[in-house]
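Hi everyone, thanks for coming. I'd like to walk you through a structure that is new to most of us, so let's bring it up on the screen.

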Amino acid sequence: MVPPPWPNPPMKVQIGRGIAGRCPACGESPLFASYLRVVVACPSCKAPLGQLRSDDAPAYVTILIVGHIVVGLLVLMETTLVPPLWLEAAILLPLTLVLALALLPLVKGGILAVMLRIGMIRPPQ
Ligand SMILES: [Zn+2]
């Protein structure tokens, strides 16, 4: 297999850079042009970040993480404090929204990093 023309550090380095919102290959430039829009290519190392199509994977992983946190808290609250339903909703619904919106770019960055590392690059059609 021919190595890519951009830097190719170890997987955990790339995942860390992706989670931090930096180019997984070089870490020099931002990975996102806006909240979830990926830059076309890294301006520093020319890695084709815009050709990484993560589709729904970041949303699935984010739901998995947030679901475990929120349902765990719900079960904990129901077994210990037994608060009224309105109080549970007032705490857990905003928490769910904030966690999902906060984790989605981090998870997407990590998934894009894995995709770049293993060569899951889809050229434009
Ligand atoms: Zn780069």
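**A walk along one helix and its partner**

Let's begin with Val75, which counts as exposed because there are 10 C-beta neighbours inside 10 Å of it, and the cut-off for exposed is 12 or fewer. Please keep in mind throughout that this is a predicted model. Val75 sits in helix H2, which covers residues 57–80. If you look along the chain to Ala89, 14 residues away, its C-alpha atom and that of Val75 are 13 Å apart.

Now for the helix itself. How many residues does H2 have, and how far does it reach? There are 24 residues in H2, and from first C-alpha to last the helix reaches 35 Å, close to the 34 Å expected at 1.5 Å a residue.

We have met an exposed residue of H2, so which ones are buried? Those are Pro58, Thr62 and Val66. Part of what covers them is helix H3, which spans residues 85–118.

That brings us to the pairing. In general, two packed helices are described by the angle between their axes and the distance between those axes. Here, H2 and H3 pack at an angle of about 150 degrees, and their axes are 8 Å apart. Angles over 145 degrees count as roughly antiparallel, so that is how H2 runs relative to H3. The crossing of H2 and H3 is right-handed.

Which residues meet there? On the H2 side they include Val61, Ile65, Ile69, Leu73 and Met77, and on the H3 side they include Leu92, Leu95, Leu99, Leu103 and Ile111. Sorted by class, the contact of H2 with H3 has 18 nonpolar, two polar and two charged residues. Glu88 and Lys108 of H3 are among the residues in this contact, and so is Thr62 of H2.

Next, the loops. Val82 lies in the loop between H2 and H3. Just after H2, Val82 takes a positive phi of about 50 degrees, although Val82 is not a glycine. Is Val82 buried or exposed? Val82 is exposed, because 8 other C-beta atoms lie within 10 Å.

Another residue to look at is Lys46, in the loop between helix H1, residues 11–19, and H2. Lys46 has a positive phi of about 65 degrees and is not a glycine either. With 14 other C-beta atoms within 10 Å, Lys46 is partly exposed.

To finish, here is the picture to take away: H2 and H3 are roughly antiparallel, with Val82 in the loop between them. Thanks for listening!

Technical notes
Residues numbered from 1 in each chain as written. Predicted model: local features only at pLDDT ≥ 70, side-chain atom pairs only at ≥ 80, totals over all residues. Helix = DSSP H or I, 4+ residues; strand = E, 2+ residues; numbered from the N terminus. Buried ≥ 20, exposed ≤ 12 C-beta atoms within 10 Å, placed from the backbone. Expected span 1.5 Å × (residues − 1). Contact = placed C-beta atoms within 7 Å. Axes fitted to C-alpha atoms, helices over the stretch in contact; angles between N-to-C directions. Parallel < 35°, antiparallel > 145°, perpendicular 65-115°, else oblique. Left-handed = near helix turned anticlockwise from the far one by under 90°. Nonpolar A, V, L, I, M, F, W, Y, C, P; charged D, E, K, R; others polar.
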